[in-house]
Amino acid sequence: MSAIHRRQFIKQLGISAATLPFLVGLPSLGLASPARPRQRLVVMFSPNGTIPPAFWPDETGKDFKLKEILSPLEAFKERMLILHGLSNKVRGDGDGHMRGMSCLLTGIELFPGNIQGGSDTPAGWASGISIDQEIKNFFQSKEETRTRFGSLEFGVSVTDRADPWTRMSYAGPNKPVAPVSDPYQMYGKLYGQLKDKENLSSILDDVREDLKKVRKLISAEDRRLLDDHEALVRQMEKEIGEASRQKLRVAPPSLEEGVADQNDNVPRLSRMQIDLLVNSFVNDMARVATLQYTKSVGQARMNWLDIKDGHHGLSHEPDKNEEALAKLIKINKWFCGELRYLTEKLANTPEPGGAGNLLDHTLIIWTNELGKGNSHTLDNIPFILLGGGFGFEMGRSLKFEKVPHNRLHLALAHGAGHRLETFGKPALCEGGPLKLS
């Protein structure tokens, strides 16, 4: 019997709705829940706020026009969801850039700490998990959605320094996840051959036994830290096994050789990382990824755009400085062009073993730590959504009134099938997930 819509089934057979839960699992009735289509999430970050008049459409609904910064995405207007009016309402320690960056995906306060920013209150790391890692854990908890890595964190010219300005992904409280900024290192992680697996396995065995000995000599608090180290050992062992078993659907991309991680190479590094990201999705190595350009307070000099000023310095110029404004529009439009490259590459790649293309099953989010650079506002944070896979109604420009961005994160979780009641700071989840479908 072919699948019948539940309401039709009840009506046609004249049975009560109360009976349905006892029947939906019976395969012969065709009412068993269909398998969820493959879902993927990419969060792309660029820093220092945007230029609102050149970014946000004036119109709402389906009939909207893209401003200069978003114009590279004209071909994808119908696959686009523009969310104006989302605010990072997380307060507490740290300056606007710190809270803007490390609360962006976590939606919860920073721990007290000794990292001094531009405010009077120093801060530490975020006190909760980020939404990308939450969804990654949800996917990894089920056999049908589990992948080798779960998530991959790509960086483009991210500084080696680790602080709340440089980290947006968190595996948990006080657990920042560092992006991999060197595409050759990422290539090795994805495709490198472990030439001496037996040796490495032996080392891990020795480490495990040593950790057991140390455990008896340390405090309860230190044992919790040791648990994290042991989890890392187990993850390494798992990756060794899975790397040898995984068969690639497509070959690794060919990377240009000798591209140093330097400011003037950012355009080439960006394309290399995007190529690796898409290839990792085709080979189903992960279903969650982040793509982080520089960092909060990022000072990249866009020489390839004939702009010699540092990005962060320019973002502090007053609105009346028309020359600075024109440069900032050009910079943000360039980031949008990189987003278009990613979107096009996903759209032009067939979905492995399924219908449509990768973009049909991938939701991309482009965001920022600030709404506007020179005011350091955490209101009207840019959130541009592209693609599919999460059940949102695309092709719209929506305006909200200072809605906590936690509610977007809840909508993402629900779109992935993860029915969280709150995410991040519970008080900022009032009203539940944003209604985007």
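Is C336 buried or exposed? C336 counts as buried, with 0% relative accessibility. "Buried" here stands for under 20% relative accessible area, "exposed" for over 50%, and "partly exposed" for what lies in between, using a 1.4 Å probe and protein chains only. C429 is buried too, at a relative accessible area of 5%. As for disulfides (a pair of cysteine sulfur atoms within 2.5 Å), the structure holds zero.

A quick note on what you're looking at: this is a predicted model, where local features need pLDDT of at least 70, side-chain atom pairs count only at pLDDT 80 or more, and totals for chains, interfaces and linings use all residues. Residues are numbered from 1 along each chain as its sequence is written, and side-chain values use heavy atoms, with hydrogens and water left out.

**The cores**

Let's start inside. A nonpolar core is a set of buried Ala, Val, Leu, Ile, Met, Phe, Trp, Tyr and Cys residues joined through side-chain atoms within 4.5 Å. The largest one has 59 residues, and L70 and W366 touch the most other members. Helix α9 gives the most to this core, with 10 residues. Helices (H or I, at least four residues) and strands (E, at least two) are DSSP runs, numbered from the N terminus.

Contact, by the way, means heavy atoms within 4.5 Å. Leaving out residues up to four places away in sequence, W366 touches a whole crowd, including M44, F55, L70, F335, P382 and our opening residue, C336. Another core, of 37 residues, lies apart from the largest one, and F139, M168, A416 and L420 are among its members.

**Salt bridges**

Now for the charged side chains. A salt bridge is a side-chain nitrogen of Lys or Arg within 4 Å of a carboxyl oxygen of Asp or Glu. The structure holds 18 of them. Here are three that link distant parts of the chain:

| Pair | Closest N and O atoms | Separation along the chain |
|---|---|---|
| R38 and E351 | 2.9 Å | 313 residues |
| E256 and R268 | 2.6 Å | 12 residues |
| D319 and K372 | 2.9 Å | 53 residues |

In the R38 pair, R38 sits in the loop between α1 (6–13) and β1 (40–45), while E351 is in the loop between α9 (322–347) and β7 (362–367). R38 is partly exposed at 23% relative accessibility, whereas E351 is buried at 6%. R40 joins in as well: R38, R40 and E351 are linked in a network of salt bridges.

For the second pair, E256 lies in the loop between α6 (220–245) and α7 (266–282), and R268 is in helix α7. Both ends are partly exposed, E256 with a relative accessible area of 40% and R268 with 39%. In the third pair, D319 is found in the loop between α8 (311–315) and α9, and K372 in the loop between β7 and β8 (383–387). D319 is partly exposed, at 43%.

**Helix α7 and what follows**

Does "largely enclosed" or "largely open" suit α7, and why? Of its 17 residues, 14 are buried, so α7 is largely enclosed by the rest of the structure. Its length works out as well. The expected span of a helix is 1.5 Å times one less than its number of residues. For α7 that gives 24 Å, and its end C-alpha atoms are 24 Å apart, which agrees.

Just after α7, D284 takes a positive phi of about 55°. D284 belongs to the loop between α7 and β6 (286–293) and is buried, with a relative accessible area of 18%. Its side chain makes a polar contact with the side chain of R287, at 2.9 Å. A polar contact is a pair of N or O atoms within 3.5 Å; within protein, one must be able to donate a hydrogen and the other to accept it, and residues adjacent in sequence count only if both atoms are side-chain atoms.

**Helices α3 and α2**

Helix α3 (residues 131–140) has nine of its 10 residues buried, so α3 is largely enclosed too. Among the buried ones are I131, D132, F138 and F139. The cover over them includes β1, β3 (150–156), β4 (170–172), β6 and α10 (406–415).

Finally, look at S102 in helix α2 (residues 96–102). S102 is buried, with a relative accessible area of 0%. Beyond its neighbours within four places in sequence, S102 is in contact with L110, A126, P164, R167 and Y170. S102 and A126 are 24 residues apart along the chain, with 5.9 Å between their C-alpha atoms. With Y170, the side chain of S102 shares a polar contact of 2.7 Å.
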